[in-house]
Every structure is written in C-alpha cells, then in structure tokens.
Amino acid sequence: MTDQEIFERLEQYRKTHNFEWQEVAAALKVSRATISNWKNGGKIADKNRRGIMVLTTEIDYPAGCFLPCCPAGPPVDRLTQYLLEAWQAMNGEEKARVIALIEEMREKKSAISPAEDKLQ
C-alpha cells in the first residue's frame with residue numbers, strides 16, 4: 001500500500017468511529033502535526049504504517065467463541081477463554097497496543113539466530 005492509501009484507510013477509520021484527529025494521534029503515539037504532515041503527502045515511517053494497520057484492522061470473533069465450548073472449533077481451555085473475554089472487554093486503543101506488542105515480540109524472535117534460539 002502507498003502512503004496515500006494508508007492515510008486514506010486511517011481517515012476512513014477515524015470517520016467511521018467518530019474520532020477526532022487528536023484521539024487518533026494519541027492512539028498512534030504521534031503528534032497532531034505528524035498526522036497533518038501525512039495528510040499533506042508526507043512520508044509515513046514503517047513503524048507508523050504498522051501502527052495504522054493495527055489500529056484500523058477490525059478483528060471479529062464469532063460470539064459463541066466466548067463460551068467454554070466454542071462452536072467454531074474445538075473446546076476452549078480456560079486460559080484461552082480468559083484471553084478472549086479480556087480481548088472482548090478492551091477498547092480499540094487497548095487492542096492496538098496489544099497487537100503492537102505482539103508484533104514487536106515476533107520481530108525480536110525472528111531476529112534471533114537459530115543457535116541463540118536453542119539457548120532460550
């Protein structure tokens with residue numbers, strides 16, 4: 001996706017959820033001036049592109065998957081059920097932070113060489 005397409009996605013997300021630009025900036029941990037720069041065609045850094053994609057990606061689970069026995073798959077263990085219930089209770093900004101942390105952990109893990117991985 002181009003920077004313009006990424007920004008259009010962010011703008012659509014903001015309008016759909018009735019957010020002010022200041023709220024979007026806070027969720028992405030950037031200044032309002034940075035968003036203004038993007039709007040005027042400025043380059044969006046890779047970490048901000050990832051943040052925008054995380055923030056604007058809607059993740060839906062079937063309602064039944066919050067039951068002890070999920071009709072969409074095998075029985076759900078207690079930890080999985082707890083995590084799904086916690087996820088359901090989070091707002092969009094909290095979900096974006098969790099996803100960003102997961103992505104950060106994945107990047108760190110992929111940077112570990114196979115020899116180092118065996119030591120862990």
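**Notebook: helix packing, charge pairs and turns**

I started at Arg-32, which lies in helix 3; helices here are DSSP runs of H or I with at least four residues, strands are runs of E with at least two, and both are numbered from the N terminus. Before going further I noted that this is a predicted model, in which local features need pLDDT of at least 70, side-chain atom pairs count only at pLDDT 80 or more, and totals for chains, interfaces and linings use all residues. Residues are numbered from 1 along each chain as its sequence is written, and side-chain values use heavy atoms, with hydrogens and water left out.

**Entry 1, Arg-32.** I looked up its accessibility and found 34% relative accessibility, so Arg-32 counts as partly exposed (buried is under 20% relative accessible area, exposed is over 50%, and partly exposed is in between, with a 1.4 Å probe and protein chains only). Leaving out residues up to four places away in sequence, Arg-32 touches Trp-21, Gln-22 and Ala-25, where contact means heavy atoms within 4.5 Å. From Arg-32 to Trp-21 the C-alpha to C-alpha distance is 6.9 Å, with their positions 11 residues apart in sequence.

**Entry 2, helix 2.** Trp-21 led me to helix 2, residues 21–28, where Trp-21, Val-24, Ala-25, Ala-27 and Leu-28 are buried. Looking down the axis of helix 2, I found these buried residues within an arc of 160 degrees, so they line one face of the helix; the arc is taken from the directions from the helix axis to the C-beta atoms. What do the buried residues of helix 2 pack against? Their partners are helix 1 (3–16), helix 3 (32–39), helix 4 (46–56) and helix 6 (92–111).

**Entry 3, two positive phi values.** Helix 2 is followed by Lys-29, which sits in the loop between helix 2 and helix 3. I noted that its phi is near 60 degrees, a positive value in a residue other than glycine, and that Lys-29 counts as exposed at 68% relative accessibility. In the loop between helix 1 and helix 2 I found Asn-18, also not a glycine, with a positive phi of about 55 degrees. Asn-18 has 66% relative accessibility and therefore counts as exposed.

**Entry 4, salt bridges.** I then turned to the charged side chains and found that the structure holds four salt bridges, a salt bridge being a side-chain nitrogen of Lys or Arg within 4 Å of a carboxyl oxygen of Asp or Glu. One of them joins the side chains of Arg-49 and Asp-3 at 2.3 Å, N to O. Arg-49 belongs to helix 4 and Asp-3 to helix 1, so this pair ties together parts that are 46 residues apart in sequence. Is Arg-49 buried or exposed? Its relative accessibility is 18%, so Arg-49 counts as buried.

Another salt bridge joins Glu-107 and Arg-50 at 3.3 Å, N to O. Since Glu-107 lies in helix 6 and Arg-50 in helix 4, the pair ties together parts that are 57 residues apart in sequence. Glu-107 is partly exposed at 38% relative accessibility, and Arg-50 is partly exposed with a relative accessible area of 41%. I also recorded the salt bridge between Glu-93 and Arg-97, at 3.7 Å, N to O; both residues lie in helix 6, four residues apart, which is about one turn of the helix.

**Entry 5, a buried charge without a partner.** Arg-14 is found in helix 1. I looked for a salt bridge and found none, although Arg-14 is buried; the nearest side chain of opposite charge is Glu-11, 4.6 Å away (Lys and Arg count as positive, Asp and Glu as negative, and His and the chain ends are not counted). Beyond its neighbours within four places in sequence, Arg-14 is in contact with Phe-19, Glu-20, Trp-21 and Val-24.

**Entry 6, the whole chain.** How many helices and strands does the protein have? I found seven helices and zero strands. Buried residues make up 26% of the 120 residues. Of the contacts with a separation of 6 or more, 47% involve residues 24 or more positions apart.
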